[in-house]
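Grab a pencil and work through a few exercises on how strands pair and helices pack. Try each task yourself before reading on to the solution.

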Amino acid sequence: MEPGARLIRVTTESVRVRAAGREDAGGIRELLGLSFSGNPKARADVMDWQYWDNPFGAARSWVAEAEGRIVAHYAGICLPGVLEGRPATLAMGVDAATDPGWRGLGLFEQLARAVYLDCGQAGMPVTYCLPNPNSLRGFQKAGGRDVGRARVLVAPLDDAWFGQRIRMPRPGAGTVARAVFRRPRAVEAQVVGAPPAGLDELWGAVAGRWQFGVARSADWWRWRYSQRPERPYLFAELRRAGRLVAAAAAMVRED
């Protein structure tokens, strides 16, 4: 936290809203662990990687403090991006959390306003986020605009599981899955052990189609996947005459 940190409006005399830094990481992690079971950023190495050692810029983190501890938090992390077709640094709003005993006081709205202002002053003209239903209202009250819904795309590969979901015997479920989801007959892509070589050339070939989003250059892949302390990822590449024409990263987990 910088000396003389600016204070935003407080909800009660006992709550202080302020900018946070690496020295506050322990209290932030404790709050995240309390609010979200299994949150990987309750680990010091994961938070350091995403927040403080981020090569694209340190996170703009804000907290609400009461009774000598952090009771609410929100942050914007820096990402390389494209804005209106031009390179830009974007902020992504992450880790909104409020201690259960301090909810209903409007703390998230205050933190969101502080984060968005701070990110803008730090050279990030846009902060985007994927709010859950609990934080959507506060996000909108803080000036956020709903621009769409993130889609979930599913390709069922296990006929027995799919049959249970649609209440159909396995052979019939397999026929339906092949007809509806158009499964590929042959797999040309190869699974590889790391982000594939040639990502900068691939990004250069597709970047012109993007008006807004994350710039998925080799630097971003390296930070996002290779440098993350947890590495639960699978990588796939597709090449034509030795040239990388498609790449993907996926994570397998029980859900």
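The exercises below go through a sheet and then two helix pairs, all in a predicted model.

**Exercise 1. Work out the strand order of the sheet made by E6, E8 and E9, and say which strands lie at its edges.**

Solution. Start with the pairings. Strand E6 (residues 190-192) runs antiparallel to strand E8 (residues 233-240), and 3 bridges join them. To fix the register here, look at valine 192, which sits opposite phenylalanine 235 in E8. Next, E8 also pairs with strand E9 (residues 243-251), again in the antiparallel sense, this time over 8 bridges. One of the pairs to check is arginine 239, whose bridge partner in E9 is leucine 244.

Now put the pieces together: the order is E6-E8-E9, an open sheet of 3 strands with antiparallel pairing. E6 and E9 each pair on one side only, which makes them the edge strands. From one strand to the next, the twist averages 35°.

**Exercise 2. Look at the hairpin of E8 and E9: how many residues lie between the strands, and which residue takes a positive phi?**

Solution. Walk off the end of E8 and count 2 residues before E9 begins. Then check the backbone: alanine 241 is the one with a positive phi, near 55°.

**Exercise 3. Classify the packing of H5 against H6 from their axes, then list who makes the contact.**

Solution. First, the geometry. The axes of helix H5 (residues 159-166) and helix H6 (residues 170-181) come within 8 Å, crossing at roughly 95°. An angle of 65 to 115 degrees counts as roughly perpendicular, so that is the label for H5 and H6.

Second, the residues. H5 brings Asp159, Ala160, Phe162, Gly163 and Ile166, while H6 offers Arg170, Ala173, Gly174, Val176, Ala177, Arg178 and Phe181. Sort them by class and you get 7 nonpolar, 2 polar and 3 charged residues.

**Exercise 4. Do the same for H1 and H2, and add the handedness of the crossing.**

Solution. Begin with the axes again: helix H1 (residues 25-35) and helix H2 (residues 44-52) have axes that come within 11 Å and cross at roughly 110°. H1 and H2 are therefore roughly perpendicular too. For the handedness, H1 passes H2 in a right-handed crossing.

Finally, the contact itself. On the H1 side you'll find Ala25, Ile28, Arg29 and Leu32, which meet Ala44, Met47 and Trp52 of H2. The class tally comes to 6 nonpolar, no polar and 1 charged.

Technical notes. Residues are numbered from 1 along each chain as its sequence is written. This is a predicted model: local features need pLDDT of at least 70, side-chain atom pairs count only at pLDDT 80 or more; totals for chains, interfaces and linings use all residues. Side-chain values use heavy atoms; hydrogens and water are left out. Two strands pair if DSSP finds at least two bridges between them. Helices (H or I, at least four residues) and strands (E, at least two) are DSSP runs, numbered from the N terminus. Axes are lines fitted to C-alpha atoms, for helices over the stretch in contact, and angles run from 0 to 180 degrees between N-to-C directions. Angles under 35 degrees count as roughly parallel, over 145 as roughly antiparallel, 65 to 115 as roughly perpendicular and the rest as oblique. Contact means heavy atoms within 4.5 Å. Ala, Val, Leu, Ile, Met, Phe, Trp, Tyr, Cys and Pro count as nonpolar, Asp, Glu, Lys and Arg as charged, and the others, Gly among them, as polar. A crossing is left-handed if the near helix is turned anticlockwise from the far one by less than a right angle, and right-handed if clockwise.
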